[in-house]
Amino acid sequence: MIKAKVDTGNTLKEPFSGNPVIVTDYKFIKYIIPAELANYFNKNTETESLKKLKNFRFIPYNTISGNGLLPAFKPDKIKVLNSNSINKDAYVAICNNKFSNESYHALISIDLIN
């Protein structure tokens, strides 16, 4: 389980499907992500090997501090505990930077709890 904060400013969408994107800290998800993705963050693999993963995408982002691409995958399901809903149409993007607030480790879109 990962503690998340609902971020009304999180408007990230997977570009092809339009599905919402959850942004999470690598440190808290590294044990449940595909090995190829973990290897990418540990600098043990090239970007090309990631393209072979099922349901893998690079999600473009734009913030005040810069822009870039976040590696992301689509899990089988996502359960948001406080909303009683199970969403199958979202991606999880992984950020290698710590969030400024240590009380949560992911940012979710309001779309996932409505």
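The side chains of R57 and E14 meet in a salt bridge, with 3.0 Å from N to O; the term stands for a side-chain nitrogen of Lys or Arg within 4 Å of a carboxyl oxygen of Asp or Glu. The pair links distant parts of the chain, R57 being in strand β3 and E14 in the loop between β1 and β2, 43 residues apart. Helices (H or I, at least four residues) and strands (E, at least two) are DSSP runs, numbered from the N terminus. The model is predicted: local features need pLDDT of at least 70 and side-chain atom pairs count only at pLDDT 80 or more, while totals for chains, interfaces and linings use all residues. Residues are numbered from 1 along each chain as its sequence is written, and side-chain values use heavy atoms, with hydrogens and water left out.

E14 is buried, with a relative accessible area of 1%, whereas R57 counts as partly exposed at 28%. Buried means under 20% relative accessible area, exposed over 50%, and partly exposed in between, with a 1.4 Å probe and protein chains only. The loop that holds E14 runs between β1 (4-6) and β2 (21-25). E14 touches N19, V21, R57, I59 and Y91, not counting residues up to four places away in sequence; contact means heavy atoms within 4.5 Å. A polar atom of the E14 side chain also lies 3.1 Å from the backbone nitrogen of F16.

By the same rule the count comes to 2 salt bridges. D89 forms one with K74, the closest N and O atoms being 3.6 Å apart. D89 lies in the loop between β6 (85-87) and β7 and K74 in the loop between β4 and β5 (78-80), so the pair ties together parts that are 15 residues apart in sequence. Both residues are partly exposed: D89 has a relative accessibility of 42%, and K74 has one of 23%. Side chains of opposite charge can pair when their charged atoms come close.

The strands named so far belong to a chain with 3 helices and 8 strands. From the N terminus on, the elements run β-β-α-α-α-β-β-β-β-β-β. An open sheet of 6 strands has the order β1-β8-β2-β7-β4-β3, with mixed pairing; two strands pair if DSSP finds at least two bridges between them. β1 and β3 stand at the edges, each with a single partner strand, so one side of each is left without a neighbour in the sheet. The twist averages 30 degrees from one strand to the next, where axes are lines fitted to C-alpha atoms, for helices over the stretch in contact, and angles run from 0 to 180 degrees between N-to-C directions.

The edge strand β3 pairs with β4 (residues 66-73) in the antiparallel sense over 8 bridges. These two strands form a hairpin with 2 residues between them, and Y61 stands opposite G68 in β4. β4 in turn pairs with β7 in the antiparallel sense over 2 bridges, with F73 opposite V92 in β7. β2 and β7 (residues 91-95) pair in the parallel sense over 5 bridges. Here I22 stands opposite V92.

Ahead of β3 (56-63), K54 is found in the loop that follows α3 (47-50). K54 is exposed, with a relative accessible area of 72%. Across the whole chain, buried residues make up 37% of the 114 residues.

Notes. A polar contact is a pair of N or O atoms within 3.5 Å; within protein, one must be able to donate a hydrogen and the other to accept it, and residues adjacent in sequence count only if both atoms are side-chain atoms.
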